[in-house]
Amino acid sequence: MAEKKERKMVATENAGKAVKRTTKEERREKAVGKRIAAVVFWLLAIAMEVLFILFLNKTIYIPVLADKQMIVLIALLVLDLIFVIIGSQFWKRANDVDPASEKNKVKFFLWNQMGLIVAVLAFCPLIIVLLKNKELDKKTKKVVTAVAVVAMVIAGACGIDFHPMSEEDRIALEESVTAEVYYTSFGKKYHTHEDCQAISNSATVYHGPISDALDAGRTEKCKFCAKADGDIAVDN
């Protein structure tokens with residue numbers, strides 16, 4: 001029988017400290033670095049978009065790449081996609097730390113779906129330019145347009161926050177969950193029980209206050225722990 005690996009318990013930054021609710025200023029300060037990183041990567045994505053248009057219109061002409069137009073255009077689309085996705089992940093992590101208030105529904109939606117908005121801004125103009133271009137050969141136009149559409153769909157899907165947390169949700173969790181919680185290196189779940197079956201086979205488990213779990217993007221309570229705590233009915 002295979003020997004079960006010993007689980008490593010890692011204390012988070014505030015583990016063992018007196019539990020207190022984080023302030024708006026503290027959350028904003030923690031999130032600012034992630035927001036700056038998101039904007040930087042999104043600006044890089046827009047730069048790839050500009051280069052794409054300039055290369056497509058031959059405003060930028062590099063003789064050695066003249067016969068490799070399709071490859072260059074696809075490469076710029078891929079870089080655009082990578083930068084948009086990375087920026088979106090930084091933005092979503094910043095929103096976990098410093099979520100928007102739900103009082104203003106429009107702002108709450110826009111703030112949480114910035115990744116989707118940027119994805120559309122980064123690729124939709126390129127698709128329009130490609131469709132209007134009359135100089136590209138049919139094969140290049142068809143292939144590059146298809147890649148651009150697929151890239152926009154992927155970037156949009158990665159940028160959407162399907163279950164955004166509001167500032168009110170975070171405050172309520174910090175006030176109600178006073179015991180330490182547990183989470184692993186992957187996923188969106190936090191656990192209120194160290195012996196939860198969902199993390200029993202995890203090599204590394206982090207433990208600390210709910211604020212640290214939320215900062216790490218663990219914004220959803222494990223269903224097994226919810227049942228154990230009586231939050232949801234136990235199936236018969």
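This is a short dialogue on reading a predicted model, feature by feature.

Colleague: Let us start with the strands. Which way do strand 1 and strand 4 run?

Modeller: Strand 1 covers residues 8-11 and strand 4 covers residues 204-208. They run parallel, and four bridges join them. Take one pair: methionine 9 has valine 205 in strand 4 as its bridge partner.

Colleague: How many bridges join strand 2 to strand 4?

Modeller: Three, and here the two run antiparallel. Strand 2 spans residues 181-183. Tyrosine 182 stands opposite histidine 207 in strand 4. One general point helps when you look at side chains here. In a regular strand they alternate between the two faces of the sheet.

Colleague: Now the nonpolar interior. Which residues of the largest nonpolar core touch the most other members?

Modeller: Phe52, Leu77, Val84, Phe123 and Leu130, out of 27 residues in that core. The elements giving two or more residues to this core are helix 1, helix 2 (69-97), helix 4 (114-132) and helix 5. Helix 2 gives the most, with eight residues.

Colleague: What is phenylalanine 52 in contact with, leaving aside neighbours within four places in sequence?

Modeller: Look for Leu73, Leu76, Leu77, Leu126, Leu130 and Val144 around phenylalanine 52. There is also a second, separate core of nine residues. Among its members are Val181, Tyr190, Ile210 and Ala213.

Colleague: Which residues form a nonpolar patch on the surface?

Modeller: Val32, Ile36, Val40 and Leu44. Together they have about 320 Å² of accessible area. To find the patch, go to isoleucine 36 in helix 1, residues 24-56.

Colleague: On to charges. How many salt bridges does the structure hold?

Modeller: First, the idea. Side chains of opposite charge can pair when their charged atoms come close. This structure holds eleven salt bridges. One of them joins arginine 35 to aspartate 98, with the closest N and O atoms 4.0 Å apart. Arginine 35 is in helix 1, and aspartate 98 is in the loop between helix 2 and helix 3 (105-112), so the pair ties together parts 63 residues apart in sequence.

Colleague: Are arginine 35 and aspartate 98 buried or exposed?

Modeller: Arginine 35 is buried, because its relative accessible area is 12%, under the 20% cut-off. Aspartate 98 is buried too, at 6%.

Colleague: Where does the salt bridge between glutamate 220 and lysine 189 sit?

Modeller: Glutamate 220 is in strand 5 (residues 220-221) and lysine 189 in strand 3 (residues 189-190), so this pair ties together parts 31 residues apart in sequence. Their closest N and O atoms are 3.2 Å apart. Glutamate 220 is partly exposed, with a relative accessible area of 23%. Lysine 189 is partly exposed as well, at 34%.

Colleague: What separates glutamate 174 and arginine 170 in helix 6?

Modeller: About one helical turn, because they are four residues apart. Their side chains meet in a salt bridge, at 2.7 Å from N to O. Both residues are buried. They also belong to a network: Lys30, Arg170, Glu174 and Asp215 are linked by salt bridges.

Colleague: Loops next. Where is serine 166 found, and what does serine 166 touch?

Modeller: Serine 166 lies in the loop between helix 5 (138-159) and helix 6 (167-176). It counts as buried, because its relative accessibility is 0%. Beyond four places in sequence, serine 166 touches Pro99, Ala100, Glu102 and Phe108.

Colleague: Which residues does proline 99 touch, by the same rule?

Modeller: Lys24, Met165, Ser166, Glu167 and Arg170. Proline 99 is in the loop between helix 2 and helix 3. At 0% relative accessibility, proline 99 is buried. Compare sequence with space: proline 99 and alanine 122 are 23 residues apart in sequence, and their C-alpha atoms are 24 Å apart.

Colleague: Is glutamate 13 buried or exposed?

Modeller: Exposed, because its relative accessibility is 63%, over the 50% cut-off. Glutamate 13 lies in the loop between strand 1 and helix 1. From glutamate 13 to glutamate 168 is 155 residues in sequence and 23 Å in space, C-alpha to C-alpha.

Notes
Residues numbered from 1 in each chain as written. Predicted model: local features only at pLDDT ≥ 70, side-chain atom pairs only at ≥ 80, totals over all residues. Heavy atoms only, no water. Buried < 20%, exposed > 50% of the residue type's maximum accessible area, 1.4 Å probe, protein only. Contact = heavy atoms within 4.5 Å. Pairing = 2+ DSSP bridges. Patch = residues over 30% accessible without salt bridge, like charges linked within 9 Å, V, L, I, M, F, W, Y side chains within 5 Å. Areas by Shrake-Rupley, 256 points an atom, 1.4 Å probe, with all protein chains shown as cover. Core = buried A, V, L, I, M, F, W, Y, C linked by side-chain atoms within 4.5 Å.
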